[in-house]
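This report describes the fold, the helix packing, the nonpolar cores and a few individual residues of one protein chain. The sequence and the structure come first, and the description follows.

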Amino acid sequence: MYDILPYLLGIELVRFLIGGGIVTTIYFAIYLTLVEKKGVNLVRASWVAFFPSFTVNFIIQKFWTFRNDDVDSAWWQFGLFAVKYFLIQKVNTLMIVYFARRWELTPRWAQITTTAILTVVSYIVSHFIFKT
């Protein structure tokens, strides 16, 4: 069992990154359109982009990335995932504002930097939610 764990974790991680790439594309498309084309402020744009990306992310992570087809636990997992996603979104908002204002990064680079950091946290927490 332990011999195949790194192999399975590797495939799981690849699926997580692919699924995350899809979700991030959805998020970025909405976020950048609002900020760069519509002039919406960073915080509002971040929260508006959050909702559709959250829904897609839950479906991808539960059923594809972590191969968890247990529908009986779906509402419990959805609740935990929502708390995780909400907290990460909160930290995401704080980080993009920090990077944009303190480091003077563009909104695009502030979000890219933040996404790279929070991806690691998200994987660890999602693994716990869908594998326990």
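## Burial and overall dimensions

A residue is called buried here when its relative accessible area is under 20%, exposed when that area is over 50%, and partly exposed in between. By this criterion, buried residues make up 38% of the 132 residues in the protein chain, in what is a predicted model.

The radius of gyration of the protein chain is 16 Å, which agrees with the value near 14 Å that a compact globule of 132 residues would have. The C-alpha trace extends over about 50 × 30 × 20 Å along its principal axes. Among contacts with a separation of 6 or more, 68% join residues that are 24 or more positions apart.

## Fold and helix packing

The protein chain contains 4 helices and 0 strands, and its pattern, read along the sequence, is α-α-α-α. The elements α1 (5-37), α2 (42-65), α3 (74-101) and α4 (107-131) each contribute two or more residues to the largest nonpolar core, which is taken up under the next heading.

Two packed helices are described by the angle between their axes and the distance between the axes. For α2 and α3, the axes come within 10 Å and cross at roughly 145 degrees, and the crossing in which α2 passes α3 is right-handed. The contact of α2 with α3 comprises, by class, 15 nonpolar, 8 polar and 2 charged residues.

## The nonpolar cores

The largest nonpolar core has 17 residues, and those with the most contacts inside it are Y27, Y31, V35, L42, A45, I96 and A110. The elements that give two or more residues to this core are α1, α2, α3 and α4. A second core, separate from that one, has 12 residues, including F16, F54, I129 and F130.

V35, one of the residues with the most contacts inside the largest core, touches V40, N41, L42, A45 and P107 when residues up to four places away in sequence are not counted. Of these partners, L42 and A45 are themselves listed among the residues with the most contacts in that core.

## Buried positions in α2 and α4

A49 lies in helix α2 and counts as buried, because its relative accessibility is 0%. With residues up to four places away in sequence not counted, A49 touches Y27, I30 and Y31. The C-alpha atoms of A49 and Y31 are separated by 5.5 Å, although the two residues are 18 residues apart along the chain.

T114 is placed in helix α4 and likewise counts as buried, at 0% relative accessibility. Once its neighbours within four places in sequence are left aside, T114 is in contact with N92, M95, I96 and F99; of these, I96 is one of the residues with the most contacts inside the largest core.

## Exposed and partly exposed helix positions

L94 lies in helix α3 and is exposed, with a relative accessible area of 61%. The C-alpha atoms of L94 and T114 are separated by 9.4 Å, the two residues being 20 residues apart along the chain. Whereas L94 is exposed, T114 is buried.

T33, in helix α1, is partly exposed, since its relative accessible area is 37%. Its contacts, leaving aside neighbours within four places in sequence, are with F28 and K38. The C-alpha atoms of T33 and V43, which are 10 residues apart along the chain, are separated by 14 Å.

## Loop residues with positive phi

R67 is found in the loop between α2 and α3, and its phi is near 50 degrees, a positive value in a residue other than glycine. The relative accessible area of R67 is 52%, so the residue is exposed.

E104 lies in the loop between α3 and α4 and has a positive phi of about 60 degrees, although it is not a glycine. E104 is also exposed, with a relative accessible area of 69%.

Notes:
Residues numbered from 1 in each chain as written. Predicted model: local features only at pLDDT ≥ 70, side-chain atom pairs only at ≥ 80, totals over all residues. Heavy atoms only, no water. Core = buried A, V, L, I, M, F, W, Y, C linked by side-chain atoms within 4.5 Å. Buried < 20%, exposed > 50% of the residue type's maximum accessible area, 1.4 Å probe, protein only. Contact = heavy atoms within 4.5 Å. Axes fitted to C-alpha atoms, helices over the stretch in contact; angles between N-to-C directions. Left-handed = near helix turned anticlockwise from the far one by under 90°. Nonpolar A, V, L, I, M, F, W, Y, C, P; charged D, E, K, R; others polar. Rg over C-alpha atoms; globule rule 2.2 N^0.38 Å.
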